[in-house]
Amino acid sequence: MLSITGIKKGIVIDHIPSGYAMVIFDYLNLEEAKYSVALIMNVCSNKMGKKDIIKIENDVNIDLSILGIISTDITINIIDKEKIIKKYNPEIPMIINNVIKCKNPRCVTSVENNIFNKFNLINEEKKEYSCEYCEDIIVVDKL
Ligand SMILES: [Zn+2]
């Protein structure tokens, strides 16, 4: 059992589905980080078989809402003074900004390079989002 000790202040992202730590690492741009980041992959878990964990040692203010797309079973632990002060699961985001691209070739975001993609959740159960611009519907169940 890996403990969270060793982190004084920061975030531990636990119960990441196996193989997704790298996806999150890339998404959060953690290779650019100036603080300690630990990527722990293929940890045995009673609940999930194998899981990944990311530990970030910093007082970080990063947008983790996108994690809900990967799994709402991910656990986000906020650590301060080596103790968990907050623990929560990400929700399926209502809005996804600039992460996924619209597949409609006629959509303005496909034609113009300087327009950010924006998708709005329309069906939480099916993870369906509609493009802000052309209203094409896509299922976003992975990053
Ligand atoms: Zn579109």
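Which residues of strand β8 (residues 128-131) make up its covered face, and which its uncovered one? To follow the answer in this predicted model, select β8 and display its side chains: Y129 and C131 belong to the covered face, whereas E128 and S130 belong to the uncovered one.

Next, add the strand that precedes the turn into β8. Select β7, residues 118-123, and you will find that β7 and β8 pair in the antiparallel sense over four bridges. Within this pairing, pick Y129 again, a residue of the covered face of β8, and look across to L121, whose bridge partner is Y129. Then move to the link between the two strands, where β7 and β8 form a hairpin with four residues between them; in that turn, K127 deserves a click, since its phi is positive, at about 55 degrees.

Continue on the other side of the sequence by selecting β9, residues 137-139, which pairs with β8 in the antiparallel sense over three bridges. Here the residue to pick in β8 is S130, from the uncovered face, and opposite S130 stands I137 in β9. The hairpin of β8 and β9 has five residues between the strands, and among them E135 takes a positive phi near 65 degrees.

Now leave this region and select the open sheet, which five strands form in the order β2-β3-β1-β4-β5 with antiparallel pairing. At the edges stand β2 (36-45) and β5 (83-88), each of which has a single partner strand, so that one side of each is left without a neighbour in the sheet. Looking across the strands, you can follow a twist that averages 20 degrees from one strand to the next.

Within the sheet, select β1, residues 9-17, together with β4, residues 75-80; these two strands run antiparallel and are joined by six bridges. A useful pair to label is G10 and I79, the latter lying in β4, which stand opposite each other.

From β4, step outward to the edge strand β5, where the two strands pair in the antiparallel sense over five bridges. Label I78 and K86 here, since K86 in β5 is the bridge partner of I78. The connection is a hairpin with two residues between β4 and β5, and K81 in its turn has a positive phi of about 50 degrees.

As a last stop, keep β5 selected and ask how many of its six residues are buried. The number is zero, so β5 lies largely in the open.

Conventions:
Residues are numbered from 1 along each chain as its sequence is written. This is a predicted model: local features need pLDDT of at least 70, side-chain atom pairs count only at pLDDT 80 or more; totals for chains, interfaces and linings use all residues. A residue is buried if 20 or more other C-beta atoms lie within 10 Å of its own, exposed if 12 or fewer, and partly exposed in between; C-beta atoms are placed from the backbone. Two strands pair if DSSP finds at least two bridges between them. Axes are lines fitted to C-alpha atoms, for helices over the stretch in contact, and angles run from 0 to 180 degrees between N-to-C directions.
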